[in-house]
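Visitor: Hey, could you walk me through this structure? I'm new to this, so plain words please.

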Amino acid sequence: MTQLKASPASACSFLAIAPSFHHASITTGHLLRHQFSKAKPLSLKELGLKTSVGANKLQGEIVLSQLQQFTGVIKAAARIDTEVVSETTKGGGLRGKLNKVVLAYSGGLDTSVIVPWLRENYGCEVVCFTADVGQGIKELDGLEAKAKASGACQLVVKDLKEEFVREYIFPCLRAGAVYERKYLLGTSMARPVIAKAMVDVAKEVGADAVSHGCTGKGNDQVRFELTFFALNPKLNVVAPWREWDITGREDAIEYAKKHNIPVPVTKKSIYSRDRNLWHLSHEGDILEDPANEPKKDMYMMSVDAEDAPDEAEYVEIEIESGLPVSVNGKRLSPATLLTELNEIGGRHGIGRIDMVENRLVGMKSRGVYETPGGTILFAAARELEFLTLDRETIQVKDSLALKYAELVYAGRWFDPLRESMDAFMQKITETTTGSVTLKLYKGSVTVTSRKSPFSLYRQDISSFESGQIYDQADAAGFIRLYGLPMRVRAMLEQGI
């Protein structure tokens, strides 16, 4: 597995024609069968040989002659095959001509098939790109071998975990962005960081196009492509699922076999899943019927609440200017902090969400999400704001958070509107600093303590005991003035 660096053009070109070896073997095979199917082996009797010595000598000469013919045919076939392969990459493909394409690559069946499909249809070299956003080590094992076996000329892997949490997750946390009351935007936040990295890689390797394996029914195609448009509108975008004739897994397997591409032998999950450092989503199979309860063995990041420990666990989150910085007194990097909270929350069954959401493309879909660490962080950040923000600010912030979440869900991360709203969120949470302690118990998160040096809560004012700052007698005049519009309306209606 290699980190990003441009490989020599010759090596890239060589690897790019690997899938055509299958066609080469077919062509060679046809020529050989055609050449030798007509030939009859000559027997010693037909040659009129009577002595074993003479027969052996002559037979050796005949075999040598046939071998020379055989070698000539092989060389001719190899020249033909080389010319055919060269034409595939130089003369364009079935749908047009691109020079080099950066493909968002996972190593699964779909993206493994996309590699030869791009070469066949666009006559291009393919650079596979994989982003590590915390999906797990197993997802990255053997990717380079898979990519090259599929015909890619290069695999680029980038570790984006810290950038993902710091530049994408934490701003959404600070904004309080939640889509349709429940969804904490796990996949929505991951797509723009991956797409941005693809644009960077395209520039570094000299690619003129990018490609993804998103279907034409989902939100991710929009999220990828809006990022491409925003960061480099000159790039061509290829979306095979909107172009090819492959309709399902069996078609993809057949295409892979036809093009001599190794088919991933991993067990096919009955669920469609997306995992990163923030969450794990589950869709498909029995979940497609909203009436069905998810199976207990479906979950992977969290235990069932019934199986969680019988003893509660307390966790303290320290926050500075709206962003978490430490867990239980330990200052951690953004990705490490989230990893720690995922482990803590997961063992207590925290962060499971089952919802029917409205996709951007118009249809409704049902998804189940596991977001243990994120659920803890949202509870802590929101609670601290109750101390540090006044009523009007909270109301405005909450109303903007709805629009912020919609923009992120729709793939408009690099939209000036979201960036402007983010500047507001950053300014308004400057004093959201302090610590929150939460109690985790069998799937529930309960706030038990909150502290802040910028707290607007004053015990001497809020106390039921009399104080010098707040005179309870003042409330009478306030109520009369505040309720004046309602009083006037009632007087009108009653003819007073």
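Guide: Sure, let's start with strand β2. Eight of the eight residues of β2 are buried, so this strand is largely enclosed by the rest of the structure. Buried means under 20% relative accessible area, exposed is over 50%, and partly exposed is in between, using a 1.4 Å probe and protein chains only. Strands (E, at least two residues) and helices (H or I, at least four) are DSSP runs, numbered from the N terminus.

Visitor: Where does the model come from, and how are residues numbered?

Guide: The model is predicted, so local features need pLDDT of at least 70 and side-chain atom pairs count only at pLDDT 80 or more, while totals for chains, interfaces and linings use all residues. Residues are numbered from 1 along each chain as its sequence is written, and side-chain values use heavy atoms, with hydrogens and water left out.

Visitor: Back to β2, which residues point which way?

Guide: Glu 125, Val 127, Phe 129 and Ala 131 point one way from β2, and Val 126, Cys 128, Thr 130 and Asp 132 point the other way.

Visitor: What sheet is β2 part of?

Guide: An open one with five strands, in the order β3-β2-β1-β4-β5, with parallel pairing. Two strands pair if DSSP finds at least two bridges between them. β3 (154–159) and β5 (236–238) stand at the edges with a single partner strand each, so one side of each has no neighbour in the sheet. From one strand to the next, the twist averages 25 degrees.

Visitor: How many bridges link β1 and β2?

Guide: Five bridges, between β1 (residues 100–104) and β2 (residues 125–132). Val 101 has Val 126 as its bridge partner, and Leu 103 stands opposite Cys 128.

Visitor: And β2 with β3?

Guide: Six bridges join those two parallel strands, and Thr 130 stands opposite Val 157 in β3. To get from β2 to β3, the chain goes through helix α6 (residues 143–149) in a right-handed β-α-β crossover. Right-handed means that, with the strands pointing away from the viewer, the path from the first strand over the helix to the second runs clockwise. β1, α5 and β2 also make a right-handed β-α-β unit.

Visitor: Which strands does α5 lie across?

Guide: Helix α5 (residues 109–122) lies across β1, β2, β4 (209–211) and β5, at about 160 degrees to β1. Helix α8 (residues 186–205) lies across β1, β2, β3 and β4, at about 155 degrees to β1. Axes are lines fitted to C-alpha atoms, for helices over the stretch in contact (heavy atoms within 4.5 Å). Angles run from 0 to 180 degrees between N-to-C directions.

Visitor: New topic: Asp 422, buried or exposed?

Guide: Asp 422 counts as buried, at 13% relative accessibility. Asp 422 is found in helix α14 (residues 416–428). Leaving aside neighbours within four places in sequence, Asp 422 is in contact with Pro 171, Arg 174 and Tyr 404.

Visitor: What about the whole protein?

Guide: The secondary structure comes to 17 helices and 14 strands. Buried residues make up 43% of the 496 residues. Of the contacts with a separation of 6 or more, 75% are between residues 24 or more positions apart.
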